[in-house]
Each structure stands twice: as C-alpha cells, then as structure tokens.
Amino acid sequence: MREAKITFIGPISVESRITANGRRVVSYYFLLLQAGGDPLKLEYPDMASAVGSRKQLLKSSVAQNVGSAKLLKAIHQAMQAILEEAGVEIPAEWVQRPQSP
C-alpha cells in the first residue's frame, strides 16, 4: 500500500484581473503543497466553493492547515532544502521557475 504524503493547505486568497475585452474577473483560490512538490493553485469562481473545497480537503488525516501564504512558502523552501541536503535529486519539474515581470 502506498503511503500518503502530508499535505499543507494555505489560506483562501482573492485574485482580480481584467480580461482582454475589459471585463473584471474575480477568482478565489488557495495553495495546496505536498511533500516533494511545488504548490498547486486551486481556483474557484466564488468564495463558497473555495471554502467548501478547502474544508473537505482539511478533513483528511494527512492535511495540515497553514494560516498564511508566507508560512506556506517557508514550508516549501524548508522541504526543498532538506531534500537537497539529503542528496535527493530534485526533478526539474519540481523546481520553481522565476516569475516573468
């Protein structure tokens, strides 16, 4: 049987952007981080959907609630450092690429 990886779930955030036709689009999201991987952004069209999904994921015995995006980033950096120190080769797709301006 495969062992479940610990999962860190960040707080819900709001993102607002303007589309090419000038419409304002608001989305709600949270980040999910599993040991050995990059954060995964889960987006929802409304707050109720985001809250419901996050609550459902937090029911898992391996899920941990993370109260801030900064703390989630620090956890991710610490996990990467531990893997590197242990001599575990990190696949290229796991390494965060710099954001373009």
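Rings of Phe, Tyr and Trp (for Trp, its six-membered ring) count as an aromatic pair if their centres lie within 6.5 Å; planes under 30 degrees apart make the pair stacked, over 60 edge-to-face, and the rest tilted. Keep that in mind for a later stop.

**Before you start**

This is a predicted model, in which local features need pLDDT of at least 70 and side-chain atom pairs count only at pLDDT 80 or more, while totals for chains, interfaces and linings use all residues. Residues are numbered from 1 along each chain as its sequence is written, and side-chain values use heavy atoms, with hydrogens and water left out.

**Stop 1: the whole chain**

Switch to a cartoon view. You should find 2 helices and 5 strands, in the order β-β-β-β-α-β-α along the sequence. Helices here are DSSP runs of H or I with at least four residues, strands are runs of E with at least two, and both are numbered from the N terminus. Of the 101 residues, 24% count as buried; buried means under 20% relative accessible area, exposed over 50%, and partly exposed in between, using a 1.4 Å probe and protein chains only.

**Stop 2: the aromatic pair**

Now select F30 and Y44. The structure holds 1 aromatic pair, and F30 and Y44 form it: the rings are stacked, 5.8 Å centre to centre with 15 degrees between the planes. F30 sits in strand β3 and Y44 in strand β4, so the pair ties together parts that are 14 residues apart in sequence. Both residues are buried.

**Stop 3: the core around them**

Add I9, Y28, L32, L42, A50 and A63 to F30 and Y44, and you have the largest nonpolar core, with 8 residues. A nonpolar core is a set of buried Ala, Val, Leu, Ile, Met, Phe, Trp, Tyr and Cys residues joined through side-chain atoms within 4.5 Å. Strand β3 gives the most to this core, with 3 residues. Another core, of 6 residues, lies apart from it; F8, L33, I75 and M79 are among them.

**Stop 4: helix α1**

Select residues 47-58. Which residues of α1 are buried? They are A50, S53 and R54. Seen down the axis, they fall within an arc of 100 degrees (taken from the directions from the helix axis to the C-beta atoms), so they line one face of the helix. Turn to the other side of α1 and you will see A48, K55 and Q56 exposed. Strands β1 (7-9), β3 (24-34), β4 (40-44) and β5 (63-65) are included in what covers the buried residues, through contacts, meaning heavy atoms within 4.5 Å. At the N-terminal end, D46 caps α1, with a side-chain oxygen 3.3 Å from the backbone nitrogen of A48.

**Stop 5: T7**

Select T7 in strand β1. With a relative accessible area of 8%, T7 is buried. Its side chain joins that of Q34 in a polar contact of 3.2 Å. A polar contact is a pair of N or O atoms within 3.5 Å; within protein, one must be able to donate a hydrogen and the other to accept it, and residues adjacent in sequence count only if both atoms are side-chain atoms.

**Stop 6: helix α2**

Finish with residues 69-85, the helix α2. Here L72, I75, H76 and M79 are buried, and they pack against β1 and β3. On the other side, K70, K73, E84 and E85 are exposed. Just after α2, look for G87, which takes a positive phi of about 80 degrees.

Notes. The expected span of a helix is 1.5 Å times one less than its number of residues.
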